[in-house]
Amino acid sequence: MKQVHFITELFDKYDGRDLLAYLNAGGFTALKKLLDTGSEAVLAEIDASGLQGRGGAAYPTGKKLRQARAEKAARKFVVCNADEGEPGTFKDRELLKRNIYQVIEGMVIAGICTQSQEGIIYVREEYTNMHDEIRSAIAECYKHNYLGKGVLGSPYNFDLKLFSGAGSYVCGEGFAMCESMEGKSGRPRSKPPYVKQEGFLRLPTLVINTETLSTIVSIIKHGADSFRRYGTEKSPGTKLISISGKVNRPGVYEIPFGLTIREIINDLAGGIRNGKKGHFVQIGGASGGILPERLWDTRYTYEDLAKAGLSVGSGAIVVADEDNSLLDYLKVVQDFFRHESCGKCTPCREGNRQLRFIFERITNGTATAADYANLEIVLDVMGKASLCGSGKTEVVPFRTAQRYFPELFMTKETYAAKKAVV
Amino acid sequence: MKPELEQLADSVCAKYDYDAVNLLPILQEIQRLSVHNYISEEMARIIAKKLDITESRVYDVVTYFSALSSEPRGEVIIQICNSTTCNVNNNRDLIRWFEEELGIKVGETTPDNKFTLIFTHCFGACDVSPAVRIDDDVYGMLTREKVKELIAAKRGAGE
């Protein structure tokens, strides 16, 4: 069982933009189930599924919803994070394009379960060409009372609108996202208080990933057991991956957790192009780890990837072949972070500046032993002392590259000396 | 202050109740309606006054976000992805084709103010990489011929 269709069950089964077609295909039955059985039953189902947030942090979704529910305030928000900015990631794009109504259904469910009445779909600016369709899907749902006052005749109200980002990677972080929605530049705030307590407009805010919302709907519809049929004990269910780079069939695939990286590349993505040899993959976005070809038999699960020093992250898999240089690749990654660093905290802002100088010298072959020593210090400080996840996880690609390709991160003399000892 | 700038600012700010919380959509909309696709210093000053916020806050936001510009730009914005996947897929040919067809380097605007060519980070078109974004639309799997056709089509569009 390679590719499966649990979350993507309705992909290509109906015109993704047509509400009536969505209803005919079984749409909004999860919401009706919620209205029939109540929030507690639905939350128990989500708990039982073992679903972990698909935005990258992998926090248990049931727990997250319960925490949001426990917050007391006159106004509470649910924000759908559709700001997928991790390079190599385009799975939310497919969910928004091919099944927007399931995302909306997930939002209404999350709203009712957490007793929030206002929802926002935060869509990245780069997806502007989809904004109008999303807005009209929202309008359709209002027209048929899936949104608005007294949803489907129930006592629950839920309003929903789209907010467009303006091109900033860091805005995928909860606080930065809230700041940008408040008309400010997207800089993370210090915690605590957390977003769930004081997020948008300093009110309780649940920020939840587009894929997580879509998955919730499928779980409620088909039951936690049918979700757990897929995956492993510690990584239950399915995951949308975005695979790209030097493969024959790049694209978005829904997989059960537990396939190996090699199976994903060869059996789903059609193997490496032009019969070339694989070199490495980066898993989970720009802040994801590097895995060399010799370890591609690693299983794609939270636990197996963690053992290798990586994480699932955004679900991106970028495949590089023998023609691609890892150091050049890392330079592109570094350049991305240097540009996207919001500049608020010193470790990330200055660390990125220093990394740039060091990488310049590493890639043009003039790096000295002092450069490699400084690289250690800079990465250490960034990983430990950055304010938000962006700076903290930025070190992951470099750390994993060091782990698997140590010879690239030392002078020729050091390498020769080390080899002689071995 | 130029009355037409005032008028544009008013028409957009009114839609958002002159509430500074809506600064991002306000700026995006005004930029779209502005000549040269940017928020000028003068416009930033007008918006700050209308929303009763500091000019520095407007400037901070305009310079922070990639989709907003404080510098005049061409009518058509061509953004070439320079992130991981497009690099792996060798976007250097694509960059060269655009530079040669437009007669400018990345980061520049054509003398007739028609096109601005810039690098951008991943816009989620990795399945058709190397990809380019022209205004709001995405194009991938390009050849030199297709690049030529795209530019010709855009050039013809405004005339």
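**View 1. Chain B of this predicted model is divided into two domains.** Domain 1 of chain B covers residues 3-64, and domain 2 of chain B covers residues 76-157. Taken over C-alpha atoms, the centres of domain 1 and domain 2 of chain B are separated by 28 Å.

**View 2. Here chain A meets chain B.** On the chain A side, 38 residues are in contact with 30 residues of chain B. Four elements of chain A, namely α7 (128-143), β5 (238-245), β9 and α13, each supply at least two residues of the side that touches chain B. The largest share of that side, five residues, comes from α13(A). If you sort the residues of the side of chain A that touches chain B by character, you find 13 nonpolar, 18 polar and seven charged.

**View 3. Helix α13 of chain A runs through residues 326-340.** With its 15 residues, α13(A) reaches 21 Å from the first C-alpha to the last, close to the 21 Å expected at 1.5 Å a residue. Look along α13(A) for its buried residues: A:Y329, A:L330, A:V333, A:Q334, A:D335, A:F336, A:F337 and A:E340. As a general guide, an α-helix has 3.6 residues a turn, so residues three or four places apart point the same way. What covers the buried residues of α13(A) includes β9 (316-321), α14 (346-363) and α16 (389-404) of chain A. Chain B joins in as well, with α5 (84-88) among the elements that cover them.

**View 4. Five strands of chain A form an open sheet with mixed pairing.** Read across the sheet, the order of the strands is β6-β5-β9-β7-β8. At the edges stand β6 (251-256) and β8 of chain A; each has a single partner strand, so one side of each is left without a neighbour in the sheet. On average, and with direction ignored, neighbouring strands of this sheet are turned by 30° against each other.

**View 5. A closer look at the sheet shows β5(A) beside β9(A), paired in the parallel sense.** Four bridges link β5(A) and β9(A). To find your place, start from A:S244, which stands opposite A:V318 in β9(A).

**View 6. Strands β7 and β8 of chain A run antiparallel.** Four bridges join β7(A), residues 278-283, to β8(A), residues 289-292. A handy landmark is A:F280, which stands opposite A:P292 in β8(A). This hairpin of β7(A) and β8(A) has five residues between the strands. Watch for A:G284 in the hairpin, where phi is positive, near 100°.

Definitions and conventions
Residues numbered from 1 in each chain as written. Chains lettered and ligands numbered in written order. Predicted model: local features only at pLDDT ≥ 70, side-chain atom pairs only at ≥ 80, totals over all residues. Expected span 1.5 Å × (residues − 1). Buried ≥ 20, exposed ≤ 12 C-beta atoms within 10 Å, placed from the backbone. Contact = placed C-beta atoms within 7 Å. Nonpolar A, V, L, I, M, F, W, Y, C, P; charged D, E, K, R; others polar. Pairing = 2+ DSSP bridges. Domains from an automatic or database assignment. Axes fitted to C-alpha atoms, helices over the stretch in contact; angles between N-to-C directions.
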